[in-house]
Amino acid sequence: MMSKLAIHGGFPEIKKSFKRYNYIGDEEKKAVINVLDSGCLSGFLASGGPEFFGGPKIQEFEQNWKDYFGCKHAVAVNSGTSGLYAAVGAIGVEPGDEVIVSPFTMTATATSILVYNGIPVFADIDERTFNITANTIKEKFTPRTKAIIVPHIFGQAAKMDTIIEFARRRNLMVIEDCAQAPSGKFNNKFVGKFGDIGVFSLNCHKHIHCGEGGVCITDNDVFADRLRLIRNHAEVVVAEKGIDDIRNMIGFNYRMTEIEAAIANEQLKKLAYLVEKRIEICTHLREELKEIEGIIIPFIEEGSDHLYYIFPILLDYSKLLCSREAFVKALCAEGLKAHNGYVTPLYLLPLYQRKMAFGRGYPFCLAENKLYYATGTCPVAERMHKSDLVILQAHQFDWDMEDVKGIRNAIEKVVSFQKELA
Ligand SMILES: *Cc1c(COP(=O)(O)O)cnc(C)c1O
């Protein structure tokens with residue numbers, strides 16, 4: 001049965017393609033029709049009146065999100081990116097402020113800092129969880145550090161206890177990027193509730209979605225006001241609202257529509273179920289893969305939930321003879337779409353290498369300390385990018401037990417032929 005690799009003309013191990021992850025159903029359809037019938041597709045207005053807070057579906061969605069997460073404020077926005085941008089503005093990052101962030105995340109986690117002319121300072125990731133930690137953050141701390149942005153990458157909660165302890169002792173603000181871990185917990189508390197602001201994405205790849213969308217949560221009244229102001233043309237309403245601190249009060253249009261809010265409302269009802277389902281199937285996948293030599297299944301930190309936005313697999317070169325590229329190519333031929341690594345460590349992008357954001361050197365020219373964007377800045381992130389990490393995009397598929405067996409068989413087969421691939 002394992003006579004030949006598919007890449008060498010054998011039969012692929014996985015014959016049928018995986019079912020696409022899609023939980024948009026009748027509930028969402030009905031909710032959208034209701035909004036269309038109402039004729040009100042957005043209730044927002046940049047004024048001091050009640051329209052400042054958006055229409056009925058936005059209000060309902062924010063209330064539901066608040067109830068679910070048990071927080072004081074939820075502010076809906078039109079993307080996770082908008083949410084991150086608004087969050088950095090809300091906490092008051094100013095030109096030249098350093099903000100510590102992971103290089104191993106979606107690009108907007110870090111560009112949010114640049115938008116306010118802050119300086120992204122990249123802390124390395126842990127080689128087992130791929131999250132930044134109090135220790136790696138500590139190495140990048142300077143007197144200019146204003147905040148930390150912590151992504152819970154691949155869906156695993158970062159170790160928030162030590163990170164928060166580190167931040168509070170130094171008066172640093174903390175923003176959590178929860179885009180990949182909605183309703184994930186660390187020590188039984190939802191991620192997004194440890195820092196000053198938690199940001200979620202509702203784009204079409206996430207556990208739940210409304211096409212494009214995002215939400216910020218906070219218990220801080222001032223930050224909540226500032227988030228809403230940045231969402232909705234702050235500059236025209238600050239006077240009317242008697243806002244005194246107008247730093248970063250240039251507003252944008254980050255407003256979510258009523259249609260998206262209506263969809264998001266229905267999706268939120270499915271969140272717990274969908275997250276549970278993903279965890280269950282990926283837990284089976286771990287079991288199936290754990291005995292295979294040459295690969296290492298995802299490590300789970302004590303106290304951390306893993307929601308498997310992505311299913312990461314580490315290659316163990318002490319037992320594996322072939323290169324990652326050969327391994328991944330052979331897997332793809334077997335019908336398992338695997339990927340070489342995740343993202344390029346962000347500081348290796350031209351934006352940082354050439355220090356070219358807004359022109360005239362801004363904001364990088366404001367940096368008082370030496371900027372470390374050179375190769376070697378975060379060796380673990382670079383190693384994951386170059387050689388050690390293979391990912392399965394768990395969020396794209398609706399795997400069942402048969403699929404899990406197929407994935408196991410495909411990996412087992414490729415590993416068993418590693419000498420031929422070397
Ligand atoms: C998806 C994602 C975002 C951005 O969300 P959008 O809604 O696409 O703007 C930010 N951070 C992380 C870690 C993400 O995965």
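Helices are DSSP runs of H or I with at least four residues, numbered from the N terminus. All views show a predicted model.

**Figure 1. Helix 2, residues 56–69, and the residue that follows it.** Helix 2 comprises 14 residues. From its first C-alpha to its last, the helix reaches 20 Å, close to the 20 Å expected at 1.5 Å a residue. G70 follows helix 2 and has a positive phi, near 60 degrees.

**Figure 2. The buried face of helix 2.** The buried residues of this helix are I58, F61, E62, W65 and F69. Seen down the axis of helix 2, these residues fall within an arc of 100 degrees, so they line one face of the helix. P56 and D67, on the other side of helix 2, are exposed.

**Figure 3. Elements that cover the buried residues of helix 2.** The cover includes four strands and two helices: strand 1 (73–77), strand 7 (189–190), strand 8 (197–201) and strand 9 (214–218), together with helix 7 (221–231) and helix 9 (258–289). F61, W65 and F69, which are among the buried residues of helix 2, also belong to an aromatic cluster that they form with Y68, F190 and F200.

**Figure 4. The aromatic pair of F141 and F166.** The structure holds 27 aromatic pairs. One of them joins F141 and F166 edge-to-face, with 5.9 Å from centre to centre and 90 degrees between the planes. The pair links distant parts of the chain, 25 residues apart: F141 lies in the loop between helix 5 (134–140) and strand 4 (145–151), whereas F166 lies in helix 6 (residues 160–169). F141 has a relative accessible area of 30% and is therefore partly exposed. F166 is buried, because its relative accessible area is 5%, and buried means under 20%.

**Figure 5. The aromatic pair of F364 and Y373.** These two rings are also arranged edge-to-face, at 5.9 Å centre to centre and with 85 degrees between the planes. Both F364 and Y373 are buried.

**Figure 6. Arginine side chains placed over aromatic rings.** The charged end of R170 sits over the ring of F141, at 5.5 Å from the ring centre. The ring of F141 is thus shown in two settings, as it also pairs with F166. The charged end of R278 sits over the ring of Y21, where the distance to the ring centre is 4.8 Å.

Key
Residues are numbered from 1 along each chain as its sequence is written. This is a predicted model: local features need pLDDT of at least 70, side-chain atom pairs count only at pLDDT 80 or more; totals for chains, interfaces and linings use all residues. Side-chain values use heavy atoms; hydrogens and water are left out. The expected span of a helix is 1.5 Å times one less than its number of residues. Buried means under 20% relative accessible area, exposed over 50%, partly exposed in between (1.4 Å probe, protein chains only). The arc is that of the directions from the helix axis to the C-beta atoms. Contact means heavy atoms within 4.5 Å. Rings of Phe, Tyr and Trp (its six-membered ring) pair if their centres lie within 6.5 Å; planes under 30 degrees apart count as stacked, over 60 as edge-to-face and the rest as tilted. A charge sits over a ring if NZ of Lys or CZ of Arg is within 6 Å of the ring centre and within 35 degrees of the ring normal.
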